[in-house]
Structure formats: C-alpha cells, structure tokens
Amino acid sequence: MADPERPRMDSSCLPTPDSSEAIAGSVTILLQQIRRGEQDAIQPLFELYFGRLAALGRTLLPERFQRVADGEDLALEVLTAFFEAAGSGTLPELQTRGDVWRMLARRLQQRAANEIRRHSTQKAGDGRVRGESVFIASS
C-alpha cells in the first residue's frame, strides 16, 4: 500500500514541448555559459524549469504542509542550489535537457521529503500547523 505522506512524482509535471522549445534546445549551451560565470544565462533556464518544478512540488507536498512551504518555495530552493552548483563547477556533467530535468525533479523530490520529515516531528507541531483562521471566532 502506498504511503500517503511519501512524495510521489506526478507524470503531468514532466516536461512537455511548448513555446520555450528554442530555449530548451540550448540548455547545454546555457549551462556552459553559467559555468563560465555568465549570469545572463540563468534567467532563461529559470523560466524554463520553475513552473514545472513548482507544479511538481505542489503534488509532492501534502496539503497540510503547504502552510509552511509550498511548491514554489521548493522550486526556488532547488533552482538556487542548482545555479550555485553550476556556477561553482560542482554540478555533474549533464548531457541533455532530460538529464537536467531528471536531476532537478529528483532534488525537488528529496527536498519535499525532507520538508515533510522536518515538519512531522513532534517539536515542529507533529504536522498539525494551523493558520491564523483557527483563532477567528465564527459568527
């Protein structure tokens, strides 16, 4: 039986051909530019991957954890770490845009699992963090 708290990837978040195909075709060139310290190359890659990563992040985090962190938070953290690694030369060699997507998706899945684990501890509210709306008296 599947664990409802365990992050799962939803195939609807996988990359699909779209209007950014021209950018996607040059992912390896953009990565080479980032490795050389060309900051202009970050924006096109960010635009290519952020939306899909955020959507994937939303599917990986159960709703009760999305008060603390959401798909966009996870996507930003993963992309920031990715660009820092690319700029510092510690990023593994990636041959295709599929390699890039698989690595980003795997890192996002790991980040989501860590977030769930961190907020499921008793010290962090045992996963029962509630919003301010619980304090508003109902009429």
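**Five helices, asked and answered**

The accessible surface of the protein comes to about 8,700 Å², and 51% of that belongs to carbon and sulfur atoms. Keep in mind that this is a predicted model.

Me: What makes up the fold, in helices and strands?
Reply: There are five helices and zero strands. Reading from the N terminus, the order is α-α-α-α-α.

Me: How much of the protein counts as buried?
Reply: The protein has 139 residues, and 34% of them count as buried. The cut-off for that word is under 20% relative accessible area.

Me: How do you know what share of the contacts comes from residues 24 or more positions apart?
Reply: Take the contacts in the protein with a separation of 6 or more; residues 24 or more positions apart account for 71% of them. A contact here means heavy atoms within 4.5 Å.

Me: At what angle do helix α2 and helix α3 pack?
Reply: About 135°, with the axes 9 Å apart; α2 covers residues 27-35 and α3 residues 42-60.

Me: Why is α2 called oblique to α3?
Reply: Roughly antiparallel needs an angle over 145 degrees, and roughly perpendicular runs from 65 to 115. The angle is about 135°, so α2 ends up oblique to α3.

Me: Is the crossing of α2 and α3 left-handed or right-handed?
Reply: That crossing is left-handed. On the α2 side, V27, L30, L31 and I34 make the contact, and α3 brings I42, P44, L45, L48 and Y49.

Me: What makes the residues of that contact nonpolar, polar or charged?
Reply: Val, Leu, Ile, Pro and Tyr are among the types that count as nonpolar. The contact of α2 with α3 therefore divides into nine nonpolar residues, no polar and no charged.

Me: Why does L76 count as partly exposed?
Reply: Buried means under 20% and exposed means over 50%. L76 has 39% relative accessibility, so the label is partly exposed. L76 sits in helix α4, residues 71-88.

Me: Which residues is L76 in contact with, leaving aside neighbours within four places in sequence?
Reply: F46 and F50. For L76 and F50, the C-alpha to C-alpha distance is 7.4 Å, with their positions 26 residues apart in sequence.

Me: And what makes Q109 partly exposed?
Reply: Anything under 20% would be buried. Q109 has 24% relative accessibility, so it counts as partly exposed. Its place is in helix α5, residues 97-119.

Me: How far apart are Q109 and L60, in sequence and in space?
Reply: They are 49 residues apart in sequence, yet 7.0 Å apart in space, C-alpha to C-alpha.

Conventions:
Residues numbered from 1 in each chain as written. Predicted model: local features only at pLDDT ≥ 70, side-chain atom pairs only at ≥ 80, totals over all residues. Heavy atoms only, no water. Helix = DSSP H or I, 4+ residues; strand = E, 2+ residues; numbered from the N terminus. Buried < 20%, exposed > 50% of the residue type's maximum accessible area, 1.4 Å probe, protein only. Areas by Shrake-Rupley, 256 points an atom, 1.4 Å probe, with all protein chains shown as cover. Axes fitted to C-alpha atoms, helices over the stretch in contact; angles between N-to-C directions. Parallel < 35°, antiparallel > 145°, perpendicular 65-115°, else oblique. Left-handed = near helix turned anticlockwise from the far one by under 90°.
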